[in-house]
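Reader: I am in my first year and still learning to read structures, so could I ask for a careful, close look at one part of this one? I would like to understand the place where its two domains meet.

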Amino acid sequence: MSGVAKTKGPGDDVPVSGDLVALSGVNKHFGALHVLQDIDLTIARGEVVVVIGPSGSGKSTLCRTINRLETIDSGAISIDGKPLPQEGRELARLRADVGMVFQSFNLFAHKTVLENVMLGQLKVRRTEKKAAEEKARALLDRVGVGSQCDKYPAQLSGGQQQRVAIARALAMDPKVILFDEPTSALDPEMINEVLEVMQQLARDGMTMVVVTHEMGFARSAANRVVFMADGRIVEEAAPEEFFSNPRSDRAKDFLSKILHH
């Protein structure tokens, strides 16, 4: 899957068959700062794409444009062949298909773990309550926190909270899940328990876009590594190729700083 061709040109609003996410000519500014510059990227169904790069390179912004948490100034984004809706009900429906796992968990503090995972099913998917609860319990078991169902988020460790957040995303049966630095807020000893869950999802065929500093995860779970710097995609390649033989000086410099200390 790592050989997926990039779509090029503004006429490619709708991706070719098999591409679940397509960005074409995407630009984004924060004031005078040009944070995304002419981004072309396609993600195939079942593909795990890991986005890496120095801080301030536009990685998280790129991730957040895919479900319109950030708007874009120009270009086109489509999910499963449909252009990204601007707002309203259509956008809510799209967000149900595009799961998101945040750096800071973003669980509802006043709801139990079980209620957190049931909520989207009940409110957005209109699932019957008994079915939503059964599914929530099964997913919490799957991510290894089934015994914590009746606790509140503050009673859980950071690693447990992030696994609940992954279960909450899975509960919506998303077509793709976006992970925005999911381990950056965790203590070192909790990182692996979250990465293991993500690696299992990758093995199960979930389409994933992962912004991370965890190079071990990029090596072991990614089909493709996308390296960003200064708001651009500098290069993209299969992980074994990228880590052993980066083509750009920018990537070589980045890797020399993080892999040899």
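Author: Let us begin at the meeting place itself, keeping in mind that this is a predicted model. Across the interface of domain 1 and domain 2, the rule finds 4 residue pairs in polar contact, with both residues of a pair at pLDDT 80 or more. On the side of domain 1 that touches domain 2, the elements that contribute two or more residues are strand E7, residues 176–180, and helix H6, residues 188–203. Of these, H6 supplies the largest share of that side, namely 6 residues. If the residues on this side of domain 1 are sorted by class, 11 are nonpolar and 2 are charged, while no polar residue is found there.

Charge also plays a part in the count of contacts, for there are 2 salt bridges between domain 1 and domain 2. A salt bridge that you can look up in the model joins the side chains of Arg163 and Glu193, with 2.9 Å from N to O.

It helps to see next how the chain is divided, since domain 1 is made of two stretches, 44–80 and 176–260, whereas domain 2 is the stretch 110–174. To the contact between them, domain 1 gives 13 residues and domain 2 gives 12 residues. The centres of the two domains, taken over C-alpha atoms, lie 25 Å apart.

How much surface is hidden where they meet? The size of an interface is often given as the accessible area that is lost when the parts come together. For domain 1 and domain 2 this buried area is about 980 Å², and 73% of it is on carbon and sulfur atoms.

Another residue worth finding on your screen is Asp97, which belongs to helix H2, residues 88–97. Although Asp97 and Lys175 are 78 residues apart in sequence, their C-alpha atoms are 5.3 Å apart in space. Leaving aside residues up to four places away in sequence, Asp97 touches Arg125, Pro174, Lys175 and Val176.

Finally, we can step back to the chain as a whole, which contains 9 helices and 10 strands. Its C-alpha atoms fill a box of roughly 50 × 45 × 35 Å along the principal axes. Because a compact globule of 261 residues would have a radius of gyration near 18 Å, the 18 Å of this chain agrees with that expectation.

Terms used:
Residues are numbered from 1 along each chain as its sequence is written. This is a predicted model: local features need pLDDT of at least 70, side-chain atom pairs count only at pLDDT 80 or more; totals for chains, interfaces and linings use all residues. Side-chain values use heavy atoms; hydrogens and water are left out. Domain bounds come from an automatic or database domain assignment. Contact means heavy atoms within 4.5 Å. Buried area is the accessible area (1.4 Å probe) that two parts lose on being put together, summed over both. A salt bridge is a side-chain nitrogen of Lys or Arg within 4 Å of a carboxyl oxygen of Asp or Glu. A polar contact is a pair of N or O atoms within 3.5 Å; within protein, one must be able to donate a hydrogen and the other to accept it, and residues adjacent in sequence count only if both atoms are side-chain atoms. Helices (H or I, at least four residues) and strands (E, at least two) are DSSP runs, numbered from the N terminus. Ala, Val, Leu, Ile, Met, Phe, Trp, Tyr, Cys and Pro count as nonpolar, Asp, Glu, Lys and Arg as charged, and the others, Gly among them, as polar. The radius of gyration is taken over C-alpha atoms; the globule rule is 2.2 Å times the number of residues to the power 0.38.
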